[in-house]
Amino acid sequence: MSSKFFLVIVVLGMIEAAVSSPALSQEKPIKQTTFDLNTVDCRTLLKMSGDERKNTVVFYHGILTGMNKETTVDVSKLSEITDKVVDQCIDKPNAVLLKVFQENRK
């Protein structure tokens, strides 16, 4: 009889843990599905962290590579350009990010 009681307590504990789990109770994040590249400013890039910033930089380099119809890229040169973009964004956080990339990719 005590083993059945113990089993019921374990099952109730597991249910409680599953229901109160933060991962299950969090609301789904709102995903922005469209945005205008002409409205994203440098401040937005500077406030990003980690992978989000890296992915954004790669995205913008990819956009400009496509716009310029380039089929090869010099990774070390893109790294230097990225440093210049970040420096310019620090100086002018309200600048349009696309224009800053364009100016530095010439």
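With a relative accessibility of 73%, K69 counts as exposed. That makes a handy way into this predicted model, since K69 sits in the loop between α4 and α5 and its backbone deserves a look. The phi angle of K69 is near 55 degrees, a positive value in a residue other than glycine. As background, most residues other than glycine have a negative phi.

**The overall picture**

Let us step back to the whole chain. The protein has six helices and zero strands, and from the N terminus on its elements run α-α-α-α-α-α. Of its 106 residues, 24% are buried. The accessible surface comes to about 8500 Å², and carbon and sulfur atoms account for 59% of that area. Taking the contacts between residues at least 6 apart in sequence, 65% join residues at least 24 apart.

How far can you trust the coordinates? The mean pLDDT of the protein is 82, with 75% of the residues reaching 70 or more. Among the elements, helix α2 (residues 22–25) has the lowest mean pLDDT, at 54, while α6 has the highest, at 96. A general caution applies here: where pLDDT is low, the predicted coordinates should not be read in detail.

**Helix α6 and its cover**

Helix α6 spans residues 97–104, and its buried residues are L97, L98, V100, F101 and N104. These residues cover an arc of only 165 degrees around the axis, so they lie on the same side of α6. Which elements cover them? The cover includes α3 (42–47), α4 (50–67) and α5 (75–91).

The largest nonpolar core tells a related story. It has 17 residues, and those touching the most other members are L45, Y60, V85, C89, L97 and F101. The elements giving two or more residues to this core are α3, α4, α5 and α6. C89 shows how such contacts look at the level of one residue: leaving aside neighbours within four places in sequence, C89 is in contact with C42, L45, L46, L97 and V100.

**Two polar residues under cover**

H61 belongs to helix α4, and T82 belongs to helix α5. Are they buried or exposed? H61 counts as buried because its relative accessibility is 7%, below the 20% cut-off for that class. T82 is buried too, with a relative accessibility of 17%.

Not counting residues up to four places away in sequence, H61 touches L78, I81, T82, F101 and R105. By that same count, T82 touches V57 and H61. The H61 list therefore includes F101 and R105 along with T82.

**The salt bridge**

How many salt bridges does the structure hold? There is one. It links E70 with R105, and the closest N and O atoms are 2.8 Å apart. E70 lies in the loop between α4 and α5, whereas R105 lies in the segment after α6, so the pair ties together parts that are 35 residues apart in sequence.

The partners sit in unlike surroundings. E70 is partly exposed, with a relative accessible area of 33%, while R105 is buried at 12%. Beyond its neighbours within four places in sequence, E70 is in contact with T65 and R105. R105 is also among the residues that H61 touches.

**Accessibility side by side**

For quick reference, here are the individual residues discussed above.

| Residue | Relative accessibility | Class |
|---|---|---|
| H61 | 7% | buried |
| K69 | 73% | exposed |
| E70 | 33% | partly exposed |
| T82 | 17% | buried |
| R105 | 12% | buried |

If you are browsing the structure, R105 makes a good place to finish: R105 pairs with E70 in the salt bridge, and H61 of the buried set touches R105 as well.

Key:
Residues numbered from 1 in each chain as written. Predicted model: local features only at pLDDT ≥ 70, side-chain atom pairs only at ≥ 80, totals over all residues. Heavy atoms only, no water. Buried < 20%, exposed > 50% of the residue type's maximum accessible area, 1.4 Å probe, protein only. Helix = DSSP H or I, 4+ residues; strand = E, 2+ residues; numbered from the N terminus. Arc of directions from axis to C-beta. Contact = heavy atoms within 4.5 Å. Core = buried A, V, L, I, M, F, W, Y, C linked by side-chain atoms within 4.5 Å. Areas by Shrake-Rupley, 256 points an atom, 1.4 Å probe, with all protein chains shown as cover. pLDDT = per-residue confidence, 0-100. Salt bridge = Lys/Arg side-chain N within 4 Å of Asp/Glu carboxyl O.
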